[in-house]
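Colleague: Got a minute to go through this one with me? Let's start with strand pairing.

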Amino acid sequence: MTPSALITTPSCDDDFDPDALTCAEARQRIAAQVRPIVDVETVNLRAALGRVLGASVTAPFNVPGHTNSAMDGYAIRATDVPSTGIRTLTVIGKSLAGRPFLTPLPEGSAVRIMTGAVVPIDADIIVPQEQVERQGDTIAIDGRHRRGQHVRAAGEDFRAGQIILEAGHLMTPAELGLLASLGLGEVTVLRRPRVAFFSTGDELCALGQVLSAGGVYDSNRYTLWGMLTRLGVEILDLGVVADDQAALADAFARARRIADMVITSGGVSVGEADYTKDILAELGQVRFWKVAMKPGRPLAFGDLGSALFFGLPGNPVSVMVTFYQFVQPALLQLMGATARLPVTVKAKTTRILKKRPGRVEFQRAWLARDTSGDYIVTPTGDQGSGILSSMVNANCFILLDMDTGQVDAETLVDVEPFFGIM
Ligand code: AMP
Ligand code: MG
């Protein structure tokens, strides 16, 4: 007799899985496990790019160091500004950048001054050169000028001893310039996390090999390498590991000895999951296995001894989405960086967005502005989790929440631009 209904288990194809965590729950559980690195080292200023400050930095002197001019013009005394009519002042010297006028400014006189040059003692107004009439060694001014105008006060940016950057600050080119302006050639930064990663799958071929029957080239190790390199972590590439219990156990044991975080791709979906689950149960602990998201539901997280573990799905797009949404924030936390939430904007979708309720979706899309300047967003075609061109042609994710069903064209949706997160 043929049974009338099949007994099935939850699959990646289902829209709702009662065992899956929400993205927010997954993020919280991850954040709760991360123990930020505290070891510091001192590096040259240039080498600090992309690193996280291990101690706050205080200003060794006032910035700017001298009261200086914000315009090309004339330094004068506020008491010489006429209340009515015009007044003539004698130009008695010059103050150029790096070549100050060293004596106090007498009453009734002016000093020619250039942007950035030191304002002479007793001068407290800069009159822009466009607002005077110059004749020989005199200038004529009117009554429009106010005390302090176009004067940059010493210490108005930072006072000596003031904290200018807090520990946990991620160093970008602007911070390099700021520290250089203070004469600081060395910086205390936190140790970089060591991240070990490997791909799993019998079908995976290395670049340079001839593709085997049914084989695919291992692309995940390249996207992972790129994403990790951008974050400035120390990379330990452990290659490809076959779908074999002993080989996987070896790789996990090795990775956990050398790394602060271990990332794998593949082998966490139904079928292959058991190997990884068993091995992790022995060497560490799995904290969750599934997240209600698309792509990327089979996302494993846990720990391997003192290392954090992320088991990313094998599909190339899922690897990138789960990395940016979960691994990157965890790595920044591990690096000791102060948390920053990604920026999202609202944009009008130019197309219908296919979606069923039950999980959050990260659709790849292109964000632009229309002729009236409003943000519009267009999905990058086929959203299959194996279609890497959907990432290549994208500059943002469209975020569709759990309960959202199909979205009509012209609807406002939440968009996360890549520049904010990548
Ligand atoms: P899995 O999660 O291991 O079942 O893999 C899901 C899909 O992703 C399969 O089509 C795999 O061939 C593919 N895949 C897994 N790992 C990689 C990889 N490193 N590079 C490219 N494709 C992969
Ligand atoms: Mg596999």
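Colleague: How do β5 and β9 pair?

Modeller: In this predicted model, β5 (residues 87-95) and β9 (residues 138-141) are antiparallel, with 4 bridges. Pairing takes at least two DSSP bridges between two strands. Strands are DSSP runs of E, at least two residues, and helices are runs of H or I, at least four, numbered from the N terminus.

Colleague: What is opposite Leu89 in β9?

Modeller: Isoleucine 139.

Colleague: What's the strand order of the open sheet?

Modeller: β7-β4-β6-β5-β9-β8, 6 strands with mixed pairing. The edges are β7 (125-128) and β8 (133-135), each paired on one side only. Neighbouring strands are turned by 35° on average, direction ignored.

Colleague: Switching to helices. How do α3 and α6 pack?

Modeller: α3 (residues 220-231) and α6 (residues 316-334) pack at about 25°, axes 11 Å apart. Axes are fitted to C-alpha atoms, for helices over the stretch in contact, with angles from 0 to 180 degrees between N-to-C directions. So α3 is roughly parallel to α6, a term for angles under 35 degrees.

Colleague: Which residues of α3 and α6 meet?

Modeller: Among them, Leu224 and Met227 in α3, and Phe323 and Tyr324 in α6. Contact means heavy atoms within 4.5 Å.

Colleague: Any conventions to note?

Modeller: Residues count from 1 along each chain as written, and chains are lettered from A and ligands numbered from 1 in written order. Local features need pLDDT of at least 70, side-chain atom pairs 80 or more, while totals for chains, interfaces and linings use all residues, and side-chain values use heavy atoms, without hydrogens or water.

Technical notes. Parallel < 35°, antiparallel > 145°, perpendicular 65-115°, else oblique.
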